Structure formats: structure tokens, C-alpha cells
Amino acid sequence: MAIPSIEFMRAAIAEAEKFKTPFGAALAMGDELFVTAANQTKELHDATAHAEVMVIRKLCSQLKKTDLSGFTLYTTCEPCPMCMSAAIWARIDQVFYGCDIPTISDKMDQINIRSRDVSKYSFHKLPSHGGVMEKKCLELLQQFA
């Protein structure tokens, strides 16, 4: 496992704060931050506009490709099954997150399937690592959930 970048998690948190949501995401490769996005389900009237999906769409559009091998996803909350599946389809290398699904479930409705379990049954094994800036991510969850 690579060491998570606090700088990239801070970028995901800043994006979440900007949109007044607990959900922010960032995609980085090496020491370069490429894009950030936040949950926009209400603004776009789109149930699939989760932060992770939005950041993947944004980078795929910019790069004009769907294979994001080499990229790391940073997200304030553990990806739901839909978002983890999107990261798998994009072939992202690894995921770092703040709050986990059980913690999020205490604050709002969630599908109680962990990201590691989605990866376990996938063609692309995508490691996910939690607890990155967890306290700050929990504050976002408490403030905006």
C-alpha cells in the first residue's frame, strides 16, 4: 500500500465544503492532483451524481479515455457499491477514504456493502484503505448529512 497523500484528501474535503456536502473526491497520479468533484445529486437531479462518479467522469472526459490505470482516488467517505464499481470499471489503482460505511450508516441511508467486498468479487482487485483524515471527514458528515 502506498502512503496516502494528506494534500489530496484535503482537496477532496475542500470540494465537499464548497458544495456543502459530506462527499468530496479527488483523483491523483504520483504527486500531481488532476481533478476534484463533490456530490451533486440534488443540484443535477441525478441520483448517480456521487462525488466519486463525478470525479471519474470529469477526468475521463478531460483525458478522452476510460482507463484510469495509475490513478488513486481520494474520497471523504468510503465508496458505495455504485461508486466502487465505477472505480473498478475505470481501473483505478487504489482508493483512500475517510469515514467508513458503518459510520456513514449512522448518519444517513446507505447500502451496507463495503468497498472491499465489491472489489473481492470483481475482475479488477481495487484495494481500498480507510481512516485518512477520518476526524475531519466525520465533521463534514455531521455538518452536512
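Display the molecular surface: the protein chain exposes about 7,300 Å², of which carbon and sulfur atoms supply 52% (Shrake-Rupley areas, 1.4 Å probe, with only the protein chains shown counting as cover for residues). This is a predicted model, in which local features need pLDDT of at least 70 and side-chain atom pairs count only at pLDDT 80 or more, while totals for chains, interfaces and linings use all residues. Residues are numbered from 1 along each chain as its sequence is written, and side-chain values use heavy atoms, leaving out hydrogens and water.

Next, switch to a cartoon of the whole chain. Seven helices and five strands appear (DSSP runs numbered from the N terminus: helices are H or I with at least four residues, strands E with at least two). From the N terminus on, their order is α-β-β-α-α-β-α-β-α-α-β-α. The radius of gyration is 13 Å, close to the 15 Å of the globule rule for 145 residues, so the chain is as compact as a globular protein of that length (C-alpha atoms; the rule is 2.2 Å times the number of residues to the power 0.38). Along the principal axes, the C-alpha trace spans about 35 × 30 × 30 Å.

Select the five strands. They form an open sheet of mixed pairing, ordered β2-β1-β3-β4-β5 (strands pair if DSSP finds at least two bridges between them). At its edges lie β2 (32-38) and β5 (128-129), each pairing on one side only. Now isolate residues 24-29 and 72-77: these are β1 and β3, antiparallel over four bridges. Within this pair, A28 has T72 of β3 as its bridge partner.

Add residues 51-63. This is helix α3, which packs on the sheet and touches β1, β2 and β3, its direction making about 130° with that of β2 (contact means heavy atoms within 4.5 Å; axes are lines fitted to C-alpha atoms, for helices over the stretch in contact, with angles from 0 to 180 degrees between N-to-C directions). Then add α7 (residues 134-144), which packs on the sheet against β3 and β4 (94-99), at about 60° to the direction of β4.

Finally, show the side chains of L27, V55, I56, L68, L73 and I92, which have the most contacts inside the largest nonpolar core, a set of 40 residues (buried Ala, Val, Leu, Ile, Met, Phe, Trp, Tyr and Cys joined through side-chain atoms within 4.5 Å; buried means under 20% relative accessible area, 1.4 Å probe, protein chains only). Helix α3 gives the most to this core, with six residues. Centre on I56: leaving aside neighbours within four places in sequence, I56 contacts L27, L68, A86, A87, A90 and I92.

Note on methods. Buried means under 20% relative accessible area, exposed over 50%, partly exposed in between (1.4 Å probe, protein chains only).
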